[in-house]
2 protein chains.
Amino acid sequence: MSSPSQIAELQDAANRMRVSSIEQTSKANSGHPTSSVSAAEIMSTLFFAEMRYDVQHPKHVAADRFVLSKGHACPILYAAWEEAGLLTREQVLTLRAANSDLEGHPTPRLNFIDVATGSLGQGLSCAAGLAYVGKHVDKASYRVYCVLGDGETAEGGVWECAAFSSYYQLDNLVAIVDCNRLGQSQHTQLGHDVETYAKRFAAFGWHTITLDGHNIEQLLHAYAEAKTVKGKPTMIIAKTIKGKGIVGVEDLDGNHGKPVPVEKANPIREKLHSQVRHNWQIPKPIYDTPDVNLNVGSTTLSSPPNYKQTDKVATRQAYGTALVKLADNNKRVLALDGDMSNSTFSCNLKKKYPEQFVECFIAEQNMVGVGIGAGCRARTIPFVSTFAAFLGRAADHIRMSAVSFANIKYVGSHCGVSIGEDGPSQMALEDLAQFRCIPDGVVLYPTDAVSTERAVELAANRQGIVYIRLGRPALGIVYDNNETFQIGKSKVVKESPNDKAVLVGAGVTLYECLKAHDKLAAEGIQTTVIDVFSVKPIDVETLTKHAQRVGGRVVTVEDHYEAGGIGEAVAGALSNLPNVRVHSLHVKELPRSGTPDGLLDLYKISANHIVSAVKNFN
Amino acid sequence: MSSPSQIAELQDAANRMRVSSIEQTSKANSGHPTSSVSAAEIMSTLFFAEMRYDVQHPKHVAADRFVLSKGHACPILYAAWEEAGLLTREQVLTLRAANSDLEGHPTPRLNFIDVATGSLGQGLSCAAGLAYVGKHVDKASYRVYCVLGDGETAEGGVWECAAFSSYYQLDNLVAIVDCNRLGQSQHTQLGHDVETYAKRFAAFGWHTITLDGHNIEQLLHAYAEAKTVKGKPTMIIAKTIKGKGIVGVEDLDGNHGKPVPVEKANPIREKLHSQVRHNWQIPKPIYDTPDVNLNVGSTTLSSPPNYKQTDKVATRQAYGTALVKLADNNKRVLALDGDMSNSTFSCNLKKKYPEQFVECFIAEQNMVGVGIGAGCRARTIPFVSTFAAFLGRAADHIRMSAVSFANIKYVGSHCGVSIGEDGPSQMALEDLAQFRCIPDGVVLYPTDAVSTERAVELAANRQGIVYIRLGRPALGIVYDNNETFQIGKSKVVKESPNDKAVLVGAGVTLYECLKAHDKLAAEGIQTTVIDVFSVKPIDVETLTKHAQRVGGRVVTVEDHYEAGGIGEAVAGALSNLPNVRVHSLHVKELPRSGTPDGLLDLYKISANHIVSAVKNFN
C-alpha cells in the first residue's frame, strides 16, 4: 500500500518538522518542543498521506478538518503547515512573539485553525461537533482528525465525547492519542499502557487500534483501516516517546514546556535526506458540501410574537416557540440540549424538526464543545441550552469558545431563587458574571415572552457569542407584539416627569419593579422603571439619562448574586458620574428551597424591598 | 448468608420507603418519586444490612459514609433515615417547604449529609475524597458508599473519578448505579445495557458486578463480594425500573420529576407485612478513626516570612513555601493538584511530605470533588491548586462546594495577561468574578511573597471557602516580614496629605500603581496607593475613607476582565457615596501571546495608563 520511498519521504518530513519545532521554541525561548516532536510522525502521515485539503484554502467547507487538542504542541502543527507550503520558516520563527498570530497555543486568528485549543481535553468535542455536522447535517465526504495528548484523556470531557461520538456513529471521526507517557509534572496515570487506553475507548464504543506512533507504515495502515470502519469512530493509541529524537531529553521527566538549545536539532538534521520541504501532491477535497447562507438577516422568526396581554408565559416557553420559528426559516438552526429539553423547551424543536435537534445527554462540557465545532465555518447556528446553573459545568469550554471566536448561542433556563422548591443546587446565581466575562459577548435577559422571541432572533443574527438568560415561572406579558428590541438597548417601561428614582430590573425582578412602582405611586412617589434587556453591552446612555433626570437615585434588583451582576454592571457603567448613587438589591446568601414568591421576599429582592430601598434613599 | 426473614424485612423496608417517598412528593406537589422508588431496595439493603453507623450521630468520624449522587432522589434518602429512626414522618412530610431543611436536593443543613448533591455527576468524586482520606490519611475502617443515577454517568466527572479511584486503589469505596433506563427527557444513552456500563468501569480499573437492583439477595451478595476485593473500588450496576411499584408509571417515559397522586401508594402499602418501621439493629462503627485538631489557630506557619527587600519572588513560589510551613505544623494539610504542581509550587509539599500531596492529574472537576469530600467532618484542610484558568473547569463543582458549606481552599496561579507568551487559553481573567460569587466565600489576592504566606495561613484558619489568586512573574517584596494581614482588610501602601487620587491595585497591577505613583509624584501629583489584598470581603471602610479624603477620585487597575472584578467590586462598594467616582482599568478584549510587560501595556493596565487616567480625571 505504501511504498518505501513514500515512507522515507514522510519520515523525512517528520524530522524536518522536528527541527522546525526545536528552532521555533528555541527562538521564542519558551514553548513545548518535547510534546511536539513525539507527534512528528503522526502529523507528517496525517498531513501528507491522509487528509484531503487545499493548502491555499485551509478552511474550505469541503476540506478534511484537523484539531490539535494538545494545543501546547502547536509548533509541530505550524511546522506541518510550513512543510505544506502555507507558512514560511520566517513566519514560524515568530512563534509566541507579540503581533504574531502564531501564538503559544493555536487560535483561529490563523486561517487554518477552526477552534482554539490549549485548555486540555476540549479538542475532541470540537472535532466531534465538526464530524456531527459533516455526517448528519452537511452529509458530505469530509473527514475529521484530532490529535490528543495522553495526559488530557484524564479530563472527563474526553469521555463525554467518547460516549457521544459512538452514540451518533461518527465514523468520519479519527482521533489519535499521542501516548508519550509523561505529563507536565510526572508520568500519566497509565504511562505507556496503550492496551488499557484501547480497552477504555472500545468500551465506549470506538474502533481502536494500538501502534508504534513513530512507525510511518503502521500509521498509514491504521488510517486506511479507519476508513473501512462503519458506524463507529476510530481511536488510534500511538505509543510514542516524549522528546523523540532530542538527545539527552527523550523519555525523561522534567522536560515539559522547556525549550532546548537549538544545537539539539543538528543530529536530527543530519539524518535528513533533504533539508527542503517536499513538493507534496496533497489530494484535493471532495467538493460535495452544500452551500448555506447564515448571513445576518437570514434567520428570522417565521411569524411575529403573538401573545395576549393577559397571557402568562415563562420566558423558557417563549424560547421553545422562537426556536421553532427560526427553524421554519432556516434548516441550519441547531438546538443542543443536555437532557433538559422538556424544561428548556428546546423539545419544541425536537418535536417539529428532529433532525435539527442534538440530544447531548447530561454532559455539558461535551455539549458546548460540540456546539463550538458545529458553528465553525458558518455551517450551522448552534443554540446550546440547559439549566443556567449547569452551563457552569462547561465554564472553561465557554471561556475557550471566546478564544475560538466561536459563533454559538448559550441559553440558560431556571435562573435564580425564583425557581423555588428545587433548591440552591439548581439555581443559577452567577451566570450573568460568567457570561459578562466573555470578551465581545452579548448577554440578553428578556423579561417576557415577546422580548424573549426577539432576543432569540437577535442572537441568531449576531456573529459571535450570545447568552440568553431564561426564567422558570410563567409571568405576564409586558410588551406589545410589535415592540422592537436591540442589542445594547434597554427599555424604559415606566416614566413620568416627577420621578424620584430609577428602578432597574430584568426577568422576574422587572415584575417586582412594576409592583413597587405601583405601590410607590399609590403613596405619591413616582419612579422610572427600566428593563435592562441587554445586560451586555449595557445601555449606558439610557441609564445615564434617567439616573440624572431623577436626581441620581438608582435602585437595581436582580435574581443573582452581587458579583458581576446587574447591580455591579450598572454601578460600573455610572461610576464616572458624580452625584449618581446605585443601591443594589441582590441575593446575599446561599438560598434554600421554598416557593418562588416566598424566596424573592426572603432574599430581599421583592417589591416590598424595592419600596423600602426607594424610601430609604436619602 | 441472608435469611428469608431478613430478606422479607428489607423488602418491607424498601416498600415503606417507597410509600414515604410518594407521600413526601405528593404533599410537596413537586419532586422526584419515580427516581426515588427505583432505588428502594438499594437503599434498604445499604442502610439496614450493610453500613455501620450510629443513628444518633450520623456524622461520627468512625461511621460509614453515604453519598446520594443522584440528589433529586432524596425522598428515598429521607425515607431511609425515617426508617432508621432519625426522622419522623411529620418531618419528612415537610419536604421542599420553606424553613424545612429537607430541601429539594440534599444539603448539609441536615445532620446526616456530608456533601450537597443535585448537580449530577459530582457525588462520586466527593465519595472518593471521603474514601481517600479513610484509606490513606485516617487509615481507618469506615467504608464509603455512593448511589448514582445512570443518566449522570454521562458526566465526564464520573470518569475522572473512575480513573482516580482505581489509581489510588480505593477498595473502601462501593458505588451503585441505579440503572433505571430513563433520564429526564428521554431514555439514557445505554438504556438497560448494564453489561456495557460494567465493561466501561472495568476498563477504568473497578471491580464490577451487574445485578437486578430490586433483588435483595443479589444486593447483599454484591456488598459482601465488594468487601473481599482488595486494591480496587467496586461498582455495582443495578438494573432497576423507574417508578418501580407505582402502577401506571413504571418504566414509562415522561414521568421524571412529577409527583403522583398519593393513592398510588396504596397498592404498595397493601403488600407490607408491617406498616411501622422495623426495630433495626444497626451495627455500630468500628471506632478506629484518629482524633485530629483543625480548630482555628491550629494551623500556623512554622516560621515567619523571611525575604530580603531586594528579592524577586513570584507569589506562586511563596505559596509553595507557605504550604510546607503549614504542613510542618499540621499533618492534616493536604495539597491536591492537577498535574501543575511544578508551576503552582505545590510540588514543594509533594517533595517534603509526599503523604500530604494528592496528584489528581488533569481532571479538575474530580480534583475539586475529592477536595470537598476530603475536607468533610474536619478530617483535613484541602488546598486545591492549578492554573486559575483551569479552576473554571470545575466551576460547577466549586459552586456546589458552597451549597455543601465545604471547608476547602482554592488556589489559582497564572492569572491574567501577565503570564505572557502562553497566550489567552492559559490566562485567568474571570476568576475573581467566579470566586466572588461564592456566598460567604473569601477572595484573597496577595501582591508579594510576604502577603502570600500570610494569605495561605489565613485561609487555613478560616472555616469555609477561600480562594487565593496567584501570579506567574517574579516581582519584588512590598512588605516587611513582620507585616500582619487580615481577611476583609486592605493595605494602604502610599499615603500623603495632599493626595489627589486613590490608586487601587493587587498583584501585578499593584506594582504598576507604585510605578505610576512615582511618575505622578515626579510631576507633583500625589496619590494614595491601596493594595486590595482582600477582594472579598472588600474593605469598604478603608476605600471610603481614602476616596473621600482625596476628593472622590478612584482609579482601579486589574489584570482581569471588567465583569465581577476589582473595578466593579470597588464601584459597587462605593456606589452609595455621592461625589465619589471610580475609573476602572481592566482587560477589555481577548488578549494574545506576548511578553508580560508588553501585554500589560497593550491591554492598558500598565503604569503609563494609570498615569493618564489620573491626569484625565477632571
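This passage walks through a predicted model with two chains, A and B, from its overall symmetry down to its packed interior.

Start with how the two copies sit together. Chain B lands on chain A after a rotation of 180° with 0.0 Å of shift along the axis, and the RMSD of that fit is 0.0 Å. Put simply, that is the relation of a two-fold axis. The two copies also use the same surface to meet, since 100% of the contact residues of chain B turn up again in chain A.

Now for a sheet in chain A. Five strands line up in the order S1-S2-S3-S5-S4, with parallel pairing, and the sheet is open. Its edges are strand S1 (65-68) and strand S4 (207-212) of chain A, each of which pairs on one side only. Going from strand to neighbouring strand, the average turn is 15°, ignoring direction. At the S4 edge, six bridges tie S4(A) to strand S5 (residues 234-239) of chain A, and these two run parallel. One of the pairings to look for is Asp212(A), whose bridge partner in S5(A) is Lys239(A).

Helices pack against this sheet too. Helix H9 (residues 216-228) of chain A touches S2, S3, S4 and S5 of chain A, and its direction makes about 170° with that of S4(A). Helix H6 (residues 123-137) of chain A lies across S1, strand S2 (144-149), strand S3 (173-179) and S5 of chain A, running at about 170° to S2(A).

Further along chain A, UniProt (in an unreviewed entry) lists residues 313-477 as "domain: Transketolase-like pyrimidine-binding". Over that stretch, the chain is 41% helix and 20% strand, and the C-alpha atoms at its two ends are 7 Å apart.

In chain B, helix H16 (residues 395-403) is mostly covered, with nine of its nine residues buried. Among them are Asp396(B), His397(B) and Arg399(B), as well as Ile398(B) and Val403(B). After H16(B) comes Phe405(B), with a positive phi near 50°.

That leaves the interior. In soluble globular proteins, nonpolar side chains tend to be buried together. Here the largest nonpolar core has 182 residues, and Tyr410(A) and Tyr410(B) touch the most other members. Leaving out residues up to four places away in sequence, the contacts of Tyr410(B) include Ile398(B) and Ser401(B), along with Val368(B), Leu391(B), Phe435(B) and Tyr467(B). Both Ile398(B) and Ser401(B) are buried residues of H16(B). Apart from this core lies another, of 70 residues, including Leu585(A), Val555(B), Val557(B) and Phe617(B).

Key. Residues numbered from 1 in each chain as written. Chains lettered and ligands numbered in written order. Predicted model: local features only at pLDDT ≥ 70, side-chain atom pairs only at ≥ 80, totals over all residues. Heavy atoms only, no water. UniProt positions renumbered as here; feature names shortened; annotations may be inferred. Helix = DSSP H or I, 4+ residues; strand = E, 2+ residues; numbered from the N terminus. Buried < 20%, exposed > 50% of the residue type's maximum accessible area, 1.4 Å probe, protein only. Least-squares fit on C-alpha atoms with pLDDT ≥ 70 in both. Contact = heavy atoms within 4.5 Å. Pairing = 2+ DSSP bridges. Axes fitted to C-alpha atoms, helices over the stretch in contact; angles between N-to-C directions. Core = buried A, V, L, I, M, F, W, Y, C linked by side-chain atoms within 4.5 Å.
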